[in-house]
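Visitor: I would like a quick tour of this model. Please keep the answers short and show the reasoning.

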Amino acid sequence: MFSLDGNGKTLPDIEEDIEAYFDGYTGSKALEEYADPISTGRKEAAKKFPINPGMVCEWAWLRYAGGGIEPIIGCPGHPAEAIHHGPDKNTMRNVEGNIHRICAECHNRWHAANDKYYGERPTLADGGVDASVPFHPIDENGKRYDPLPHDPVTLAPDEQVHAEDKRRRDEARRHGTIPKIKD
Ligand SMILES: [Zn+2]
Ligand SMILES: [Zn+2]
């Protein structure tokens, strides 16, 4: 039915129709039109998914956290400190399932396990960052493929979480990030 109010669509609905390769995009222009999508995306993420005082790592106790190629074992509930994008590392993809408020330990662990599969960020012909396509892992032919999704449901056994937490602390201690205990 014809109507003068845009067939029942309000202005925000229309704005959400700007094309993106993922659902839930709310930006006001096309993804390839941002001069600095990395910084724009990070600012939008912090606004939409703020880390509030007392917030605990969203990956705590999970068995397959973060998706990607090697999902990780979560921590035993450290404070949330970082806003992470993944399994699609495009910082403009600020939607549920691709944004995670996590602790420094889980964040470092995920990148250490997965960055090697992702290669370089996609670029436009002029060399700028291309935010209009996913930043997904690449195969041996340089072709991008779909990573595993984040699994927010499956828990790891407590012993496994504690063992992984200890392993990470021992590793950090070896690298000098945590001071060695002197007795
Ligand atoms: Zn990250
Ligand atoms: Zn964590």
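Visitor: In what order do the elements of the chain run from the N terminus on?

Guide: This is a predicted model. The chain holds 4 helices and 2 strands. From the N terminus on, the order is α-α-β-β-α-α.

Visitor: Which elements have the lowest and the highest mean pLDDT?

Guide: The chain averages a pLDDT of 91, and 89% of the residues score at least 70. Where pLDDT is low, the predicted coordinates should not be read in detail. The lowest mean, 53, belongs to helix α1 (residues 11-15), and the highest, 98, to β2.

Visitor: How many bridges join strand β1 to β2?

Guide: Strand β1 covers residues 82-85 and runs antiparallel to β2. Within this pairing, A82 stands opposite I102. The number of bridges is 4.

Visitor: Which residues of strand β2 are buried on one side, and which on the other?

Guide: Strand β2 spans residues 99-102, and both of its faces are covered. On one side the buried residues are I99 and R101; on the other they are H100 and I102.

Visitor: Which residues have the most contacts inside the largest nonpolar core?

Guide: Of the 183 residues of the chain, 28% count as buried. The largest nonpolar core has 14 residues. Those with the most contacts inside this core are C57, W59, A65, I102, C103 and C106.

Visitor: What does C57 touch, leaving out residues up to four places away in sequence?

Guide: C57 is among the core residues with the most contacts. Its partners include I102, C103 and C106. The others on the list are G74, C75, G77, H78, P79 and A80.

Visitor: Is C106 buried or exposed?

Guide: C106 lies in helix α3. Beyond four places in sequence, C106 touches C57, W59, A65, I72, G74 and C75. The cut-off for burial is 20 or more other C-beta atoms within 10 Å. C106 has 29 such neighbours, so C106 counts as buried.

Visitor: What covers the buried residues of α3?

Guide: Helix α3 spans residues 104-114, and its buried residues are E105, C106, H107, R109, W110 and N114. One long-range pair is C106 and R168, 62 residues apart in sequence and 9.3 Å apart C-alpha to C-alpha. The cover includes β1, β2 and α4.

Visitor: How far apart are the end C-alpha atoms of helix α4?

Guide: Helix α4 has 17 residues, 158-174. At 1.5 Å a residue, the helix should span 24 Å. The end C-alpha atoms agree with that: they are 24 Å apart.

Visitor: Which residue just after α4 takes a positive phi?

Guide: The helix ends at residue 174. Just after α4, a phi of about 85° appears. The residue is G176.

Visitor: What is the C-alpha separation of H162 and W61?

Guide: H162 sits in helix α4. H162 has 13 other C-beta atoms within 10 Å, so H162 is partly exposed. W61 is 101 residues away along the chain, yet the C-alpha separation is 9.3 Å.

Visitor: Which residues is I69 in contact with, leaving aside neighbours within four places in sequence?

Guide: I69 is found in the loop between α2 (37-48) and β1. With 16 other C-beta atoms within 10 Å, I69 is partly exposed. I69 and D146 are 77 residues apart in sequence and 9.2 Å apart C-alpha to C-alpha. The contacts of I69 are N114, Y117, P137 and P147.

Key. Residues numbered from 1 in each chain as written. Chains lettered and ligands numbered in written order. Predicted model: local features only at pLDDT ≥ 70, side-chain atom pairs only at ≥ 80, totals over all residues. Buried ≥ 20, exposed ≤ 12 C-beta atoms within 10 Å, placed from the backbone. Pairing = 2+ DSSP bridges. Expected span 1.5 Å × (residues − 1). Core = buried A, V, L, I, M, F, W, Y, C linked by C-beta atoms within 7 Å. Contact = placed C-beta atoms within 7 Å. pLDDT = per-residue confidence, 0-100.
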